[in-house]
Amino acid sequence: MAETSPVRRRPAGELEASVLAVLWAAGGPLSPAEVQSALGGRLARTTVTTILTRLHDKGAVSRSRVGRGFAYSPIEDSAGLTARRMRNELDKQHDRGTALARFVSQLSSEDQESLRNLLGEAGGGVRGGPQPVAGGDAS
């Protein structure tokens, strides 16, 4: 009996990421057929429609009625979507402080510096880091 190789499954989220990339690159709303075409036609239109519906249910895309179907648009850009996902994960944690501390401890030194700068720009300052001076130079 000949062995058959197992079907390779895509990593979780790969199809959603591909569909979102198509929507981000588009100049406006797209129908499932247009998304399917932009993906090279390698997925069934029903699969694309299912992915778009799931993205809509997750709040990642909006949809508007066009004829008998829908056209879809991304709600946020890639960075905004990543930020929202990070916030959603943080919201699931009972001990937010520990989760944030572990996240920050795993950042590269460059990312930690970027985070310090962003927090400083937001007006919160960072304990142990440089504090913004009200009214400009203190000399």
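Two strands count as paired if DSSP finds at least two bridges between them. In this predicted model, strand 1 (residues 61-66) and strand 2 (residues 69-74) meet that condition, pairing in the antiparallel sense over six bridges. The two strands form a hairpin with two residues between them, and Gly67 in the turn has a positive phi of about 65°. At the turn end of the pairing, Val66 stands opposite Gly69 of strand 2. Elsewhere along the ladder, Arg63 has Tyr72 of strand 2 as its bridge partner.

With the hairpin in view, the rest of the chain can be placed around it. The secondary structure comes to six helices and two strands. Read from the N terminus, the elements follow the order α-α-α-β-β-α-α-α. The chain has 139 residues, and buried residues make up 19% of them. Among contacts with a separation of 6 or more, 37% join residues that are 24 or more positions apart.

A good place to start inside the model is the largest nonpolar core. This core holds 16 residues, of which Val19, Leu23, Val35, Leu39, Leu52 and Leu55 touch the most other members. Helix 1 (14-25) and helix 3 (45-57) are the elements that give two or more residues to it. Leu23 shows how parts of the chain come together here: not counting residues up to four places away in sequence, Leu23 touches Leu30, Val35, Leu52, Val61, Tyr72 and Pro74.

How do helix 1 and helix 3 lie against each other, and at what angle do their axes cross? Two packed helices are described by the angle between their axes and the distance between the axes. For helix 1 and helix 3, the axes come within 10 Å and cross at roughly 85°. The two helices are therefore roughly perpendicular to each other, since angles of 65 to 115 degrees count as such. Leu15, Glu16, Val19, Leu20 and Leu23 make the contact on the helix 1 side, with Ile51, Leu52, Arg54 and Leu55 on the helix 3 side. By class, this contact has seven nonpolar, no polar and two charged residues.

Glu16, one of the residues in that contact, deserves a closer look. Glu16 sits in helix 1 and has a relative accessible area of 14%. Glu16 is therefore buried, because the cut-off for buried is under 20%. Leaving aside neighbours within four places in sequence, Glu16 is in contact with Ile51, Arg54, Leu55 and Lys58.

Val61 and Leu30 tell related stories, one from a strand and one from a loop. Val61 is found in strand 1 and, at 2% relative accessibility, counts as buried. Apart from neighbours within four places in sequence, Val61 is in contact with Leu20, Leu23, Leu52, Leu55, His56, Tyr72, Ser73, Pro74 and Ile75. With Ser73, Val61 is twelve residues apart in sequence, and the C-alpha atoms are 5.4 Å apart in space.

Leu30 lies in the loop between helix 1 and helix 2 (32-38). Leu30 also counts as buried, with 14% relative accessibility. Setting aside neighbours within four places in sequence, the contacts of Leu30 are with Val22, Leu23, Val35, Phe70, Ala71 and Tyr72. The C-alpha atoms of Leu30 and Tyr72 are separated by 5.2 Å, although these residues are 42 residues apart along the chain. Tyr72, met earlier as the bridge partner of Arg63, is thus in contact with Leu30 and with Val61, and is touched by Leu23.

Another helix pair follows the hairpin in the chain. The axes of helix 4 (residues 78-91) and helix 5 (residues 96-105) come within 9 Å and cross at roughly 135°. Helix 4 and helix 5 are therefore oblique to each other; an angle has to be over 145 degrees to count as roughly antiparallel. Helix 4 contributes Met86, Arg87, Leu90 and Asp91 to the contact, and helix 5 contributes Arg96, Ala99, Leu100 and Phe103. Five nonpolar, no polar and three charged residues make up the contact by class.

Note on methods. Residues are numbered from 1 along each chain as its sequence is written. This is a predicted model: local features need pLDDT of at least 70, side-chain atom pairs count only at pLDDT 80 or more; totals for chains, interfaces and linings use all residues. Side-chain values use heavy atoms; hydrogens and water are left out. Helices (H or I, at least four residues) and strands (E, at least two) are DSSP runs, numbered from the N terminus. A nonpolar core is a set of buried Ala, Val, Leu, Ile, Met, Phe, Trp, Tyr and Cys residues joined through side-chain atoms within 4.5 Å. Buried means under 20% relative accessible area, exposed over 50%, partly exposed in between (1.4 Å probe, protein chains only). Contact means heavy atoms within 4.5 Å. Axes are lines fitted to C-alpha atoms, for helices over the stretch in contact, and angles run from 0 to 180 degrees between N-to-C directions. Angles under 35 degrees count as roughly parallel, over 145 as roughly antiparallel, 65 to 115 as roughly perpendicular and the rest as oblique. Ala, Val, Leu, Ile, Met, Phe, Trp, Tyr, Cys and Pro count as nonpolar, Asp, Glu, Lys and Arg as charged, and the others, Gly among them, as polar.
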